[in-house]
Amino acid sequence: MSFGIKPLGARVVIKKIEAEEKTAGGIILTSSAKEAPQYAEVVAVGPGTKDEDMEVKVGDKVVFSKYAGTEIKFEGEEYSIMDQSGILAVVEK
């Protein structure tokens with residue numbers, strides 16, 4: 001499925017999954033108190049390179065490095081484009 005951004009090489013496009021707005025104790029967090037999420041869903045993957053095969057696929061939930069990627073806005077939504085190496089783990093549920 002293509003949504004309009006096609007990453008090149010070993011890059012991926014991710015969409016951050018918003019952090020919970022309330023703590024386990026019931027405290028409601030303001031937007032400034034919430035830490036930026038490091039959890040996202042992969043929405044597009046590049047073809048890989050001859051030296052690096054793609055290990056993630058569209059739909060994977062991933063944890064990524066805090067400062068990895070370039071944030072972009074596309075059709076009113078916010079995404080990040082990053083090298084696959086910026087992804088630390090795939091979350092399996």
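In the predicted model, residue S80 lies in strand 5, which spans residues 77–83. Because residues under 20% relative accessible area are classed as buried, S80, with a relative accessibility of 3%, falls into the buried class. Setting aside residues up to four places away in sequence, S80 is in contact with V12, V13, I14 and K16, and also with T70 and E71.

Strand 5 belongs to an open sheet of 6 strands, whose order is 4-5-1-2-3-6 and whose pairing is antiparallel. The edges of this sheet are formed by strand 4 (70–74) and strand 6 (87–91), and since each of these has a single partner strand, one side of each is left without a neighbour in the sheet. From one strand to the next, the twist averages 40 degrees. Within the sheet, strand 1 (residues 11–16) and strand 2 (residues 39–45) run antiparallel and are joined by 5 bridges; V12 has V45 of strand 2 as its bridge partner.

V12 is also a member of the largest nonpolar core, which comprises 10 residues, the others being I14, A40, V42, V56, V62, F64, A68, M82 and I87. At least two residues of this core are supplied by each of strand 1, strand 2 and strand 3 (61–64). A second core, separate from this one, contains 6 residues, among them F3, V13, V43 and A44. In soluble globular proteins, nonpolar side chains tend to be buried together.

Of the residues in the largest core, V62 touches I14, Q38, Y39, A40, V42, V56, I87, A89, V90 and V91, when residues up to four places away in sequence are not counted.

Notes
Residues are numbered from 1 along each chain as its sequence is written. This is a predicted model: local features need pLDDT of at least 70, side-chain atom pairs count only at pLDDT 80 or more; totals for chains, interfaces and linings use all residues. Side-chain values use heavy atoms; hydrogens and water are left out. Two strands pair if DSSP finds at least two bridges between them. Helices (H or I, at least four residues) and strands (E, at least two) are DSSP runs, numbered from the N terminus. Axes are lines fitted to C-alpha atoms, for helices over the stretch in contact, and angles run from 0 to 180 degrees between N-to-C directions. A nonpolar core is a set of buried Ala, Val, Leu, Ile, Met, Phe, Trp, Tyr and Cys residues joined through side-chain atoms within 4.5 Å. Buried means under 20% relative accessible area, exposed over 50%, partly exposed in between (1.4 Å probe, protein chains only). Contact means heavy atoms within 4.5 Å.
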